[in-house]
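Biologist: Please take a close look at a single part of this model, the packing of one pair of helices, and then follow it to the pocket that the pair helps to line.

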Amino acid sequence: MGVSGSGKTTVGTALAERLGVPYAEADDFHPPENVAKMASGVPLTDEDRAPWLDAIAAWLKAQEGEGGVVTCSALKRVYRDRLRRAAPEVFFLHLDGSPELIGERLSGRTGHFMPSALLRSQFETLEALDADEAGAVVPIDGTPQEVTELAVAAVLR
């Protein structure tokens, strides 16, 4: 979980490979209307996110017993609760970095529908993991390999 540009895809694919489990990219679960909305710089509403979260939840449920890694912003507790209802064993890794670091990364990214203009709204929406949520915060200020190692350690502890 984390804001756009925090490295979810990079770390998620590496983590899934290291753990030997399936990987899914949450962006692929968005309906075309959501993609168009974000591409035009309009933040999604909770109503917009509902079918997207339900599709991710169904994927998580299908991985029960075998495990899997899915990247998902999961910015709010209510979103995580929705995912957890479908897959009670879900473990969230919050890829955490400063707005400056992530903004710098986004400015160099090409070929993605999410404009950097929406980063501020994502940080405003972001709710940290609560103590009662299964998960860990992973700082992203290292190399992708270093961040992946931290993620693997957090999952396997």
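**A helix pair and the largest pocket**

Modeller: In this predicted model, helix 1 and helix 7 are oblique to each other, because their axes meet at an angle of about 55°, which falls outside the ranges for roughly parallel (under 35 degrees), roughly perpendicular (65 to 115) and roughly antiparallel (over 145). Helix 1 spans residues 8-19 and helix 7 spans residues 144-156, and their axes lie 9 Å apart. The crossing of helix 1 past helix 7 is right-handed. On the side of helix 1, the contact is formed by T10, V11, A14, L15, R18 and L19; helix 7 contributes P144, V147, T148, E149, A151, V152, V155 and L156. By class, the residues of this contact comprise 10 nonpolar, two polar and two charged.

Both helices also take part in the largest pocket, where each supplies at least two residues of the lining. The pocket has a volume of about 670 Å³, and 32 residues line it. Among these, L60, G68, V69, V90 and F91 are the closest to its centre. Helix 3 (46-62), strand 2 (69-71) and strand 3 (92-96) likewise each supply at least two residues of the lining. Helix 1 gives the most, with five residues. The lining of the largest pocket divides into 22 nonpolar, six polar and four charged residues. Helix 1 thus appears in two settings: it packs against helix 7, and it contributes to the lining of the largest pocket.

Key:
Residues are numbered from 1 along each chain as its sequence is written. This is a predicted model: local features need pLDDT of at least 70, side-chain atom pairs count only at pLDDT 80 or more; totals for chains, interfaces and linings use all residues. Side-chain values use heavy atoms; hydrogens and water are left out. Axes are lines fitted to C-alpha atoms, for helices over the stretch in contact, and angles run from 0 to 180 degrees between N-to-C directions. Helices (H or I, at least four residues) and strands (E, at least two) are DSSP runs, numbered from the N terminus. A crossing is left-handed if the near helix is turned anticlockwise from the far one by less than a right angle, and right-handed if clockwise. Contact means heavy atoms within 4.5 Å. Ala, Val, Leu, Ile, Met, Phe, Trp, Tyr, Cys and Pro count as nonpolar, Asp, Glu, Lys and Arg as charged, and the others, Gly among them, as polar. On a 1 Å grid over the protein atoms alone, a cavity is a set of points where a 1.4 Å probe fits but cannot get out, and a pocket is an open set with protein on both sides within 12 Å along at least five of seven lines; lining residues have an atom within 4 Å of a point. Grid points are joined across faces, edges and corners, and a volume is the space filled by probe spheres set on the points.
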